[in-house]
Amino acid sequence: MVNLVLVSHSEKLAAGLKELLAEMAPDTPVLVAAGLEDGSIGTDATRIEETLNTLDDDGVVLTDIGSATMHTELALELYSGERTVRFIDAPLVEGAFLAAVLSGQSKSVDEIEDGLKNEFGK
């Protein structure tokens, strides 16, 4: 099942979203790479890469704003794991809901990306 990775400047925002997704798609693995190590607001490419290295299947990454996307792209360049991992440019909350449901339906990374692009036009 495709893993969903939430990258946000706020660890609390990502954790709350993960909690909501557990209600909608309880079988979808959701990982959080949010905030900085000291709990402050921000994103960190190393922290994102470390999260990617824990994936037990392919993954889809969604981000909130600006530098979260930049750090995600850097983390994906650094990632050397064997899983297919793709950043998809879609709204974090709405995109995460759709991605989680599609993953729960055993859709592939490509199918999830297509679903998000069809829904959000990106």
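**View 1. Pro91 in the loop between strand S4 and helix H4.** In this predicted model, Pro91 lies in the loop that runs between strand S4 (85-87) and H4. With a relative accessible area of 29%, Pro91 is partly exposed, and, once residues up to four places away in sequence are set aside, Pro91 touches Ala96 and Phe120. The C-alpha atom of Pro91 is separated by 7.6 Å from that of Leu62, although the two residues are 29 residues apart along the chain.

**View 2. Leu62 and its contacts.** Not counting neighbours within four places in sequence, Leu62 is in contact with Leu4, Val5, Leu6 and Val7, and also with Ile88, Ala90, Leu92, Gly95, Ala96, Ala99 and Leu116. Ala96 is thus among the contacts of Leu62, and Ala96 is also touched by Pro91.

**View 3. The largest nonpolar core.** This core holds 21 residues, of which Leu4, Leu6, Leu21, Val60, Leu62 and Ile112 touch the most other members. Two or more residues are given to the core by each of strand S1 (3-7), helix H1 (11-24), strand S3 (59-63), H4 and H5, and the largest share, five residues, comes from H4. A second, separate core has 12 residues, including Val7, Ala33, Leu52 and Leu55. In soluble globular proteins, nonpolar side chains tend to be buried together.

**View 4. Leu21 in helix H1.** Leu21 has its place in helix H1 and is one of the residues that touch the most other members of the largest nonpolar core. Because its relative accessible area is 1%, under the 20% limit, Leu21 counts as buried. Apart from neighbours within four places in sequence, the residues in contact with Leu21 are Leu4, Leu6, Pro26, Val30, Ala96, Phe97 and Ala100; Leu4, Leu6 and Ala96 also appear among the contacts of Leu62. By contrast with these contacts, the C-alpha atoms of Leu21 and Leu78, which are 57 residues apart along the chain, are separated by 28 Å.

**View 5. Ser106 in the loop between helices H4 and H5.** Ser106 is found in the loop that links helix H4 (92-104) to helix H5 (109-120). Although Ser106 is not a glycine, its phi is positive, at about 65°. The relative accessibility of Ser106 is 61%, which is over 50%, so this residue counts as exposed.

**View 6. The whole protein chain, as a setting for the close-ups.** The protein chain has five helices and four strands, and from the N terminus on these elements run in the order β-α-β-α-β-α-β-α-α. The radius of gyration is 13 Å, close to the 14 Å that the globule rule gives for 122 residues, so the chain is as compact as a globular protein of that length. Along its principal axes the C-alpha trace spans about 35 × 30 × 25 Å. Buried residues make up 43% of the 122 residues, and, among contacts between residues at least 6 apart in sequence, 75% join residues that are at least 24 apart. The chain exposes about 6,300 Å², of which carbon and sulfur atoms supply 48%, while the mean positions of its 8 positive and 23 negative charges are 2 Å apart.

Definitions and conventions
Residues are numbered from 1 along each chain as its sequence is written. This is a predicted model: local features need pLDDT of at least 70, side-chain atom pairs count only at pLDDT 80 or more; totals for chains, interfaces and linings use all residues. Side-chain values use heavy atoms; hydrogens and water are left out. The radius of gyration is taken over C-alpha atoms; the globule rule is 2.2 Å times the number of residues to the power 0.38. Buried means under 20% relative accessible area, exposed over 50%, partly exposed in between (1.4 Å probe, protein chains only). Contact means heavy atoms within 4.5 Å. Accessible areas come from the Shrake-Rupley method with a 1.4 Å probe; for residues, only the protein chains shown count as cover. Lys and Arg count as positive and Asp and Glu as negative; His and the chain ends are not counted. The place of a charge is taken as NZ of Lys, CZ of Arg, CG of Asp or CD of Glu. A nonpolar core is a set of buried Ala, Val, Leu, Ile, Met, Phe, Trp, Tyr and Cys residues joined through side-chain atoms within 4.5 Å.
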